[in-house]
Amino acid sequence: MQKLIKALLSDAPTATGSHQHSPSVEAAGESLPKLAPRPVRADEVFDAAPLRSQLASEAKKSKTQSSAAKKQIARLAQQVAERLASCGWAVLDGLFDSSESAAVRAEMEQLEPHFHASEIWVGHQAAVGAQMTMPDIRGDRVLWMCGHHPQRSSTPWSHANTSQSGSDFAPGEDPHALQPCSSSIRQTAREETAKPSLRTGGARRVQPSERWLNRHLSGMLDAMDALVLGLKEAPNTGRCANLADRSDAMLAVYPETGARFQRHVDNTAGDGRRLTFLCYMNEEWGATDGGELCMHPTGSQPVLVAPAAGRLALFFADTMPHEVLPARRHRYSVNVWYYDTEERARAEHEAATRGRIGGGTGAAPISDADNAAAKGFLQQVLGGGNGRPAERAELERLANEAERLPPGAAHVVAQVTMGSRAAPDVKPTDVAASLRAMVPAALDALRGDLSVMRTS
Ligand SMILES: O=C(O)CCC(=O)C(=O)O
Ligand SMILES: [Fe+2]
């Protein structure tokens, strides 16, 4: 059980097509000696201006990209490709001006009531894992958006996720528009958008352009796509050569109450994600607002990147440990992941044959009820304590809870906590017995690991 937390917060399988982003949170104390983070330097930041022609307000002005603009994007992409190859990350500024930024943020704010608490996967080397909200580890609220994978001949994005196929959209809905993946949220959001504007105070007609919902967010994705197309084609493109297709877009907000995301790597399960793209839309982000992205490149000083409006940060999704420091102001961002074709195809094949990406063993599916019971129990085990030393009575209480678990949930708990060492026929009474065999200090150690991670 000593290794419980390490086991809990590590690489776990992801089902293809789910909106699980399944990061792996590193156990504390295992990293190299700590170097103090330093802010990104101005001379390290590229100018994103060449990508601006892709934004909604610019696209209205010119439908075709001039060859000069194409050349500028290609030049920028080459520089970014070189930076990625040498450092594993890149930062670009000035993707949008303040009016475009406000338009993008307004689209996010409109959808914000539909955001939900994000979840992390727990379970290491386990055939099964559990998804749960652990706000101390990851405190953002998110909404997945799909559609808007334009099928232009020059653009290889074609999404495999069934939630994006045209058939899932009601008649009259544009499958290419960027909309919430959940059809019920999509419906409500659509009705809300059509309501008379409160700001103008009166009824107004829905403009045809508004049918293309979230077009400023879409334009932002177009700009990211344009850069990725350039990266793919850049000379010496290295690990970006086989980029194709991207994930749905994850809109995220970190509430100002200190929401954070502890150090993790996005893709540890070989799920195909090669590049993480982050775009921020927070005007005048100040030094006291916190919420910086902190990247931890191997062997060099960690780099702090403030989530400033119009800033784009990108890094290798499978190698770059990173975290979001506690936010003191509401912090908006959009995350997109670009896939490596080969790794993604392998992962999808594995998922199709074994049900999971990243090495499942074909275990029987877990019922929602068992999963919920296991989650609730694990949250009690990890989340309790409130800083006070654990007491014998607490272990006894947890053991009593364990006895009430449905048998299927006990199996989930055992597999999540013990991985391959879990006996296939583990019973709730076995979980209870192992808790009763623990000394309170062992429970503290477990929770202690968590709190070390909180301040790392
Ligand atoms: O918003 C950020 O800066 C990073 C978010 C992140 O690491 C994630 O969602 O995986
Ligand atoms: Fe991440």
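Here are some short exercises with worked solutions on the predicted model shown above.

**Exercise 1: The whole chain**

Find how many helices and strands the chain has, and what share of its residues count as buried.

*Solution.* Start with the elements: there are 13 helices and 18 strands. Next, look at burial: 46% of the 456 residues count as buried. Finally, check the contacts with a separation of 6 or more: residues 24 or more positions apart account for 82% of them.

**Exercise 2: The two sides of a helix**

Work out whether the span of helix α4 agrees with its number of residues, then say where its buried residues sit around the axis.

*Solution.* Step one is the span. Helix α4 covers residues 98–111, which is 14 residues. At 1.5 Å a residue they should span 20 Å, and the end C-alpha atoms are indeed 20 Å apart, so the two agree.

Step two is burial. In α4, the residues Glu-100, Ser-101, Val-104, Glu-107, Met-108 and Leu-111 are buried. They cover an arc of only 125° around the axis, so they lie on the same side of α4. Here's the handy rule behind this: an α-helix has 3.6 residues a turn, so residues three or four places apart point the same way.

Step three is the other side of α4, where Ser-98, Ser-99 and Ala-106 are exposed.

**Exercise 3: Two residues with a positive phi**

Decide for Asp-245 and for Glu-284 whether each is buried, partly exposed or exposed.

*Solution.* First, some background: most residues other than glycine have a negative phi. Asp-245 has a positive one, near 70°, and Glu-284 also has a positive one, near 45°.

Now place them. Asp-245 belongs to strand β10, residues 243–246. Glu-284 is in the loop that links β13 (273–280) and β14 (293–295).

Last, count neighbours. Asp-245 has 19 C-beta neighbours inside 10 Å, and buried takes 20 or more, so Asp-245 is partly exposed. Glu-284 has 9, and exposed means 12 or fewer, so Glu-284 is exposed.

**Exercise 4: Contacts across the sequence**

Find which residues Ala-56 touches, leaving out those up to four places away in sequence, and then do the matching job for Arg-260.

*Solution.* Take Ala-56 first. Ala-56 is in helix α2, residues 56–61, and counts as buried because it has 22 C-beta neighbours inside 10 Å. Its contacts are Arg-215, His-216, Ser-218 and Gly-219. Ala-223 is 167 residues away from Ala-56 in sequence, with 9.7 Å between their C-alpha atoms.

Now Arg-260. This residue sits in the loop between β11 (249–254) and β12 (261–265). Its 20 C-beta neighbours inside 10 Å make Arg-260 buried. Arg-260 is in contact with Gly-139, Val-324, Leu-325, Pro-326 and Ala-327. Asp-368 is 108 residues from Arg-260 in sequence, and their C-alpha atoms are 28 Å apart.

**Exercise 5: An annotated domain and a ligand**

Describe residues 245–340 by their share of helix and strand, then say which residues are closest to ligand 1.

*Solution.* Begin with the record: an unreviewed UniProt entry gives "domain: Fe2OG dioxygenase" at residues 245–340. That stretch is 0% helix and 47% strand, and its end C-alpha atoms are 8 Å apart.

Then turn to ligand 1. Eleven residues surround it, and the closest are Leu-278, Leu-293, Val-324, Ser-333 and Asn-335. Strands β17 (322–324) and β18 (331–340) each supply at least two residues of this shell. Sorted by class, the shell has six nonpolar, four polar and one charged residues.

Notes: Residues are numbered from 1 along each chain as its sequence is written. Chains are lettered from A and ligands numbered from 1 in the order in which they are written. This is a predicted model: local features need pLDDT of at least 70, side-chain atom pairs count only at pLDDT 80 or more; totals for chains, interfaces and linings use all residues. Helices (H or I, at least four residues) and strands (E, at least two) are DSSP runs, numbered from the N terminus. The expected span of a helix is 1.5 Å times one less than its number of residues. The arc is that of the directions from the helix axis to the C-beta atoms. UniProt positions are given in the numbering used here, feature names are shortened, and annotations may be inferred rather than shown by experiment. A residue is near a molecule or strand if its C-beta atom, placed from the backbone, lies within 6 Å of it. Ala, Val, Leu, Ile, Met, Phe, Trp, Tyr, Cys and Pro count as nonpolar, Asp, Glu, Lys and Arg as charged, and the others, Gly among them, as polar. Two residues are in contact if their C-beta atoms, placed from the backbone, lie within 7 Å.
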